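Dear colleague,

I am handing over the structure below, and my notes on it follow. Please read them alongside the coordinates.

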Amino acid sequence: MANVRIVIIGSGRIANEHARAFSDVSDCQIVGVVGRQLLKVNKFATEFNIPHSQVGLAGLFEATNADLVVIAVDIDQTAGVLKECAKHKWTILTEKPLGINFREATELQTFLGADTERVLVALNRRHYSTVRKLETILNQNSERRTIKIVDQEDQFAASQNGVSDLTIENWMYANSIHLIDLFKVFGRGEISKINVETQWKSMSKLTHKAQLIFDSGDIGFYECCWNSDGPWSVSVSVGGESWLLKPLEKLTNLDQFGEETTPILDDRWDLDFKAGFRRQAEMVVRRVRGLESDVVSFNEALKSMFLVKEIYGCQD
């Protein structure tokens with residue numbers, strides 16, 4: 001079987017994590033890397049033994065003959081890079097979100113047309129061993145589920161880390177999507193109603209809250225502490241049992257008093273690699289080969305972006 005040939009666009013931290021993950025998948029070869037700074041991209045190529053490196057996208061497809069391109073660039077650059085990559089018939093894996101906001105993502109959907117079928121989205125938390133284990137547990141019980149997601153976001157910290165103003169103004173798409181997407185994982189059926197309890201305001205300290213009603217009877221509660229401290233967590237209750245992801249890499253069963261019992265530790269892939277990335281890489285390669293895969297599609301990721309829009313009342 002011929003190797004799957006991979007190109008990575010980006011040479012920063014997340015690109016590095018993708019390179020580590022794909023380098024561990026059998027029958028794969030990273031054949032090219034693209035960056036904005038020649039010195040940095042050449043260093044990246046040396047670290048991962050990548051034969052081709054360049055600045056800019058021109059001639060990349062012809063130079064590498066790649067089957068898969070991984071886009072790991074700044075969020076406000078993603079849509080433009082994706083449009084350029086779509087000119088060639090390779091499979092595309094792009095970091096989330098698909099665009100700076102829902103409006104840009106829907107414009108991208110229109111631009112791509114049928115080519116959205118070739119675009120996969122790196123919602124890596126779906127690939128956490130803890131998330132998949134909890135899915136398996138929940139599927140053994142048909143009773144109504146109550147899902148509570150507690151989020152925390154800090155626009156000021158993002159600004160201090162050099163994130164663009166445009167991205168910060170749309171920070172719920174950039175970062176809250178990690179958690180909001182899990183409503184689509186743990187909730188069954190379609191979301192029939194969303195009750196937004198607060199009005200979000202950028203660069204404010206507030207707790208934003210919303211309630212989600214699924215047509216299956218499942219109920220979701222979302223709250224996010226903005227620009228203040230607080231940990232991420234996901235809890236799901238069903239049939240008298242409760243389960244907690246806090247942090248998301250750790251799954252714990254809770255007794256009736258809320259005390260932790262029976263911690264379920266994550267697997268080797270989530271310990272040795274950035275959590276979710278190694279399994280995600282495996283699923284992406286399977287998709288490239290035409291095999292069964294649960295990697296997230298463009299349209300599925302767009303649904304999660306729409307959910308972010310509705311929860312936050314974004315006008316975009």
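What share of the contacts in the protein with a separation of 6 or more comes from residues 24 or more positions apart? Bearing in mind that this is a predicted model, the share comes to 67%.

On overall form, the protein has 12 helices and 15 strands, and its C-alpha atoms fill a box of roughly 60 × 40 × 35 Å along the principal axes. A compact globule of 316 residues would have a radius of gyration near 20 Å, and because the protein has 20 Å, the two agree.

Turning to the surface and the charges, the accessible surface comes to about 14500 Å², with 46% of that area belonging to carbon and sulfur atoms. There are 36 positive and 43 negative side chains, and the centres of these two sets lie 2 Å apart.

As for the interior, buried residues make up 51% of the 316 residues. The largest nonpolar core has 72 residues, and those with the most contacts inside it are Ile9, Ile92, Leu182, Phe183, Phe186, Val234 and Tyr312. Helix H9, which covers residues 171–186, gives the most to this core, with 11 residues. A second, separate core has 28 residues, among them Val33, Val70, Leu120 and Ala281.

Ile92, one of the residues with the most contacts inside the largest core, may be a useful place to begin reading: leaving aside residues up to four places away in sequence, Ile92 touches Leu68, Val69, Ile71, Leu82, Cys85, Ala86, Arg118, Val119 and Leu120. Leu120 in that list is also included in the second core.

With kind regards

Note on methods. Residues numbered from 1 in each chain as written. Predicted model: local features only at pLDDT ≥ 70, side-chain atom pairs only at ≥ 80, totals over all residues. Heavy atoms only, no water. Helix = DSSP H or I, 4+ residues; strand = E, 2+ residues; numbered from the N terminus. Rg over C-alpha atoms; globule rule 2.2 N^0.38 Å. Buried < 20%, exposed > 50% of the residue type's maximum accessible area, 1.4 Å probe, protein only. Contact = heavy atoms within 4.5 Å. Areas by Shrake-Rupley, 256 points an atom, 1.4 Å probe, with all protein chains shown as cover. Lys, Arg positive; Asp, Glu negative; His and termini not counted. Charge placed at Lys NZ, Arg CZ, Asp CG, Glu CD. Core = buried A, V, L, I, M, F, W, Y, C linked by side-chain atoms within 4.5 Å.
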